[in-house]
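Q: I would like to learn how to read a structure feature by feature, with the general idea before each case. Could we go through this one together?

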Amino acid sequence: MDSAPVDPLVRRHRVALNLCFAIPGVSLATWVTRTPDVRDGLGASTAGMGLVLFGMSIGSMLGILAAGGLVARFATRPVVIAGMTLVLAGVGVVALGTGLSAALLVACGLLLIGAGVGLSEVASNVAGVHVERQMGRPVLPAMHGCYSLGTVVGAGLGVVGAAVGFPVPWHLALVLLLVLALFAYAIPGLRPGIGATSTDEAGTVRERRLHLDPRLLLIGGVVFGMTLAEGAATDWLPLLMVDGHDMPAGLGSLVYTGFAATMAAGRFAGGPVVTRFGRATVLGAGALLTAVGIALVSFVDNPATAGCAVLLWGLGTSLGFPLALSAAGESGPDTAARVALTSRIGYVALLAGPPCLGFLGDHNGLRAAMLPVLALMLLAAAISPATAPRAELAAPGPGPEPVKLGKRGGRLR
């Protein structure tokens, strides 16, 4: 019902951020759908692929830990640009390493991608909260929906490439040209000056105290579980279907595409559901739905059942990150710091958790490796009431008036 006109610069900024969410989605999904071919080309075991993926984990940790301070000092625009540049460079290095069958070079490329994603998406989330407030309505879910839409595009290209046997290095090179063009279009729309704060000692102490906020810690627990479930699917679904359910490589990539499509649909269409049932209820139900999907994939030895269960997995996790970010943003003062901290928790789980699952999978199989994720989903469902808007909590206390994203939510991926 908000009929106030939106500043064209704000609208252009939103479009630019949408593209900056989509670019990592396209890049990562392209990599994921070709992992069986990359694994075969490198001659790597499951544990070996876990080590290769560890490059992304190291990069993501560096990017995530640095992002908050860099945004506070330089604002979001230069951090997003630096992150996107690292992502593009990483895709190029992965393409080169794959062509040379050099596992170390592939790991270095993934390190660049991880660092770029960590930098750019934390900064993009802070900028997204700013856009929400200027527009007077939630836009983070749709921004993260653009990430999922990017994964659908990347996965679709990967399925076609795997089906026709297109060489992975050339496939990655063509995708690099695509995302480079998208990034060039996005850069002019990124607005300067957003998120920068004074770096006085009081601000540092205040941010450190956020780690002691009980409600924010519970929200962080929900974020960790939901994003680990998303990351486990992003990194391992094709191999899980190929090695765990004896699917052909092309069909395994198609199953991942179904997961990505379900994620995108849930993010673009989830607003009315959240409005009707409330954020905490939707998050709790989503965690349980994800748990059911993972349980079916892990325990039922039937490829058709596993393929259908992946859709439950994708739908259940689709709104986890955006809604939890909304909850973090309105959980107290210092909204930008709260969003940045929660984003860091999410991206640590999203990018650093899956390689650990690879080590478990090497000893017990990938289906068994998903059981810790299942346990975390049950935990996330149990603590999801902490994400309710402040007005719905049993013991309301003094604090800022809830931000208008509380009713409908907000989502890195």
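A: We begin with what counts as a helix: helices are DSSP runs of H or I with at least four residues, numbered from the N terminus. The model in front of you is a predicted one, and in that numbering V79 lies in helix 4, which spans residues 76-99.

Q: How many helices and how many strands does the chain have?

A: The chain has 17 helices and zero strands. Of its 413 residues, 57% count as buried, and its accessible surface comes to about 15700 Å², with 70% of that area belonging to carbon and sulfur atoms.

Q: Is V79 buried or exposed, and which residues is V79 in contact with beyond its neighbours in sequence?

A: A residue counts as buried when its relative accessible area is under 20%. V79 has a relative accessible area of 4%, and is therefore buried. Once its neighbours within four places in sequence are left aside, V79 is in contact with L70, V71, L119, S120 and A123. The C-alpha atom of V79 is also separated by 9.1 Å from that of V122, a residue 43 places away along the chain.

Q: Where is T317 found, and which residues does T317 touch?

A: T317 is found in helix 13, residues 303-317, and is buried with a relative accessible area of 0%. Not counting residues up to four places away in sequence, T317 touches M226, A229, E230, F259, M263, R267 and T290.

Q: Why are helix 3 and helix 9 described as roughly antiparallel to each other?

A: The angle between the N-to-C directions of two axes decides this, and angles over 145 degrees count as roughly antiparallel. The axes of helix 3 (residues 46-74) and helix 9 (residues 214-245) cross at roughly 170° and come within 13 Å, and the two helices are therefore roughly antiparallel to each other. On the side of helix 3 the contact is made by T46, M49, G50 and L53, and on the side of helix 9 by D235, W236 and D243. By class, the residues of this contact divide into three nonpolar, two polar and two charged.

Q: How far apart are Y185 and A16 in sequence and in space?

A: Separation along the chain and separation in space are best read side by side. Y185, whose place is in helix 7 (residues 168-186), is 169 residues from A16 in sequence, while the C-alpha atoms of Y185 and A16 are 7.7 Å apart in space. Not counting residues up to four places away in sequence, Y185 touches R12, V15 and L19.

Q: Which residues have a positive phi of about 55° although they are not glycines?

A: Two cases can be given, and each is read together with its location and exposure. S101 has a positive phi of about 55° without being a glycine; S101 is found in the loop between helix 4 and helix 5 (103-135) and is partly exposed, with a relative accessible area of 44%. D246 likewise is not a glycine and has a positive phi of about 55°; D246 lies in the loop between helix 9 and helix 10 (249-269) and is exposed, with a relative accessible area of 70%.

Q: How many disulfides are there?

A: A disulfide is a covalent bond between the sulfur atoms of two cysteines. A pair is counted when those sulfur atoms lie within 2.5 Å, and by this rule the count comes to zero disulfides. As for cysteine exposure, C108 is partly exposed, with a relative accessible area of 37%, whereas C308 is exposed, with a relative accessible area of 51%.

Definitions and conventions
Residues numbered from 1 in each chain as written. Predicted model: local features only at pLDDT ≥ 70, side-chain atom pairs only at ≥ 80, totals over all residues. Heavy atoms only, no water. Axes fitted to C-alpha atoms, helices over the stretch in contact; angles between N-to-C directions. Parallel < 35°, antiparallel > 145°, perpendicular 65-115°, else oblique. Contact = heavy atoms within 4.5 Å. Nonpolar A, V, L, I, M, F, W, Y, C, P; charged D, E, K, R; others polar. Buried < 20%, exposed > 50% of the residue type's maximum accessible area, 1.4 Å probe, protein only. Areas by Shrake-Rupley, 256 points an atom, 1.4 Å probe, with all protein chains shown as cover.
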